[in-house]
Amino acid sequence: MAKQKISYFCSECGYESAKWMGQCPSCGNWNTFVEQPAGSAGSSASRTPAKSGTAGRPKRISEIAADEEPRFSSGSPEMDRVLGGGIVQGSLILVGGDPGIGKSTLLLQVCRSVSSAGRKILYVSGEESLRQIRMRADRIGTFGSDLYLLSETNIGTIEETVRRENPSMLVVDSIQTMYSEDVASAPGSVSQVRECTGRLLIIAKSLNITVFLVGHVTKEGMVAGPRMLEHMVDTVLYFEGDRNTSYRMLRAAKNRFGATNEMGVFEMVQEGLREVKNPSSVLLEGRPENVSGAVTTCVMEGTTPMLLEVQALVCPTSFAIPRRTAAGMDFNRVSLLMAVLEKRLGLGLGKSDVYINVTGGIRIGEPSADLAVIAAVISSCRDICVDSRTILFGEVGLAGEVRRVSQVQKRLSEAAKLGFSNVILPRAGLKNAVVPDGLMAYPVENVRELASVLESAAARP
C-alpha cells in the first residue's frame, strides 16, 4: 500500500506547501500551517461544469444591463439596512459570531418573515436536531408551512435536496460542520471549508438561490477557517455583543451590494431578537449628570450616527508602573492619547492609573472619539464636570491638533434631535456644515483650546 502524501495549508489564506513552515510566505502569519492529506486540496467545485452556452463567451460592457439586483425584505428593517436595502437574490452571505450570541435565532427569525411572504426556505443544521430547532422556533412565534428543516452534514446530500426542493433561500448552520466525501480530511479543516463553500457558491449563482452560511469565530473575532472564505462570499456579517448585556450588534464587514461598516442594533428578549430603532437614546439611558470623567460622543456606524458615553477614571497609582485599561476602544489608541496629553498639555499622568470605558458594550473603531476620550481624562484628572447636554467629536493627532472627521452634518443633526445644546468639534468641521437651531458650537484647533473650553464652561461637582 503506497504511503499517502501529506501537504500543509495556511489556515488564514489557504497557501499550500509541501512542508511545514513557521511563517506563511503569502500572508505573513505565524504558526498557521495545518496538515492535510495531499489529495484533499483538490476541489470538486472547481471541476463542476459550467452552464451550457455560457462558458468562454465574453460580453461588451455596453451589452450588460445596469439594473439593480433584485432584492426581497428579510422582515427586519435593521437587517435590510445593513444588507444595503434587503436580501439580494442569488447572493452568498456569511454570518459570523461567538457561540450563543444569537446567530441561529437571528436567521430563524429571518426565515419566519421570508416564509410568511410566500417564499420557500430550506434550513439545514449540522449542529442541532430537528427537535431542537423546533423548540427554538416555538419561542420565536408561529411559522408557516413554507419552512423546511433538514439535519445533515454531507454537502452532497444537501446539494441533491436543494436541487430537488428548489427553495428561494437556503440557510446552512454551520459551514464548519459540513463535509465533502471528495476531500479526505475532517469537517472544519481548511480544505473542507473551502470545498463546501465553493459548492454552495455554485448553488447560489447557478440556481439563483440566496444562501446564508453561519460561521464560528476564533478568539481574535475572525471567522474560523481559511481567510479565503470571506473572499468567496458576497457579504460578511458579524453578530457581536457582550454576554452580560442584552444588546447585540450586526455589522457588515463586507458587502458587494451595499455600504460596509453598517450596523444594526438588536435586543435579546424572551421571544428572540427585537430591533432597537433608536440606539442612541437607549445607550444613553441612565448616564450620570454632574459627574467628572463622563462625556458624550457621536460615532458613525456606516451611515448611521450613534451617540455613546465615554467614561474616564484617573486616580493615583500604588504601583511602579501605572495601569492603562481600555474597554470598548483600542488599547494602543488610548495609550497614544495619554502620551499626547502628557506632552502637549503637561497633564501629569505618569503617577496615575487611567481607566477608559465605553458604555453599552459597544466597541469604537473610528478615531472621531479621540476628542471625547481626551475630554473625559481632563475632566476626571482636574475633577471638573462636563455639561451633560454637551457632545464632542474629533480626531486628535500627535501634535495635539484636532482634525476634522467625516459626516459632520449627520452628527450635528443627531445631537440636535436628541436634545443636546452644545457641541465641541474641530474648527475645520464647520466649513461645510450648518449648525442646527438650538445647538451652540464650540470649535477647537488643539487640546489646549479644548482644556480652556472645558474649564470655562464646566462647574465643579
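**Helix packing, cavities and a pocket in a predicted model**

The buried residues of helix H8 pack against four elements: strand S17 (324–327), strand S18 (352–358), helix H9 (370–382) and strand S20 (395–396). The model described here is predicted. The buried residues in question are Val334, Leu337, Met338, Val340 and Leu341. Around the helix axis they cover an arc of only 155°, which puts them on the same side of H8. Asn332 and Lys343, in contrast, are exposed on the other side of this helix.

The length of H8 was also examined. Helix H8 runs over residues 331–344, and at 1.5 Å a residue its 14 residues should span 20 Å; the C-alpha atoms at its ends are 20 Å apart, so the expected and computed values agree. Just after H8 comes glycine 346, whose phi is positive, at about 70°.

Helix H9, one of the elements against which H8 packs, contains aspartate 370. The relative accessibility of aspartate 370 is 1%, and this residue therefore counts as buried, the cut-off for burial being under 20%. Leaving aside residues up to four places away in sequence, aspartate 370 touches Arg333, Leu337, Gly394, Glu395 and Val396. Of these contacts, Leu337 is also among the buried residues of H8.

A similar description applies to helix H3. Its buried residues are Ile133, Arg136, Ala137 and Ile140. Viewed down the axis of H3, these residues fall within an arc of 105°, so they line one face of the helix. Arg131 and Arg134 are exposed on the other side of H3. The cover over the buried residues of H3 includes helix H2, strand S7 (121–125) and strand S8 (147–151). Glycine 141, just after H3, takes a positive phi of about 155°.

Helix H3 also takes part in a pocket. The second largest pocket of the model has a volume of about 360 Å³. Its lining consists of 20 residues, and those nearest the centre are Gly100, Gly102, Ser104, Thr105 and Arg136. Two or more lining residues are given by each of helix H2 (103–116), helix H3 (130–140) and strand S13 (263–269). Arg136 is thus named twice, as a buried residue of H3 and as one of the residues nearest the centre of the second largest pocket. Sorted by class, the lining of this pocket has eight charged, seven polar and five nonpolar residues.

Closed spaces were considered next. Three cavities of 30 Å³ or more are present in the structure. The largest cavity has a volume of about 80 Å³. It is lined by 13 residues, with Arg287, Pro288, Ala294, Val386 and Ser388 nearest its centre. Strand S15 (residues 294–301) supplies the largest share of this lining, namely three residues. The lining of the largest cavity comprises five nonpolar, four polar and four charged residues.

The second largest cavity holds about 40 Å³ of space. Its lining is made up of Arg71, Leu83, Gly86, Ile87, Val88, Ser91, Ile93, Thr235, Asn255 and Phe257. By class, five of the residues lining the second largest cavity are nonpolar, four are polar and one is charged.

Key. Residues numbered from 1 in each chain as written. Predicted model: local features only at pLDDT ≥ 70, side-chain atom pairs only at ≥ 80, totals over all residues. Heavy atoms only, no water. 1 Å grid on protein atoms, 1.4 Å probe; cavity = no way out; pocket = protein on both sides within 12 Å on 5 of 7 lines; lining within 4 Å. Points joined across faces, edges and corners; volume = space filled by probe spheres on them. Nonpolar A, V, L, I, M, F, W, Y, C, P; charged D, E, K, R; others polar. Expected span 1.5 Å × (residues − 1). Buried < 20%, exposed > 50% of the residue type's maximum accessible area, 1.4 Å probe, protein only. Arc of directions from axis to C-beta. Contact = heavy atoms within 4.5 Å.
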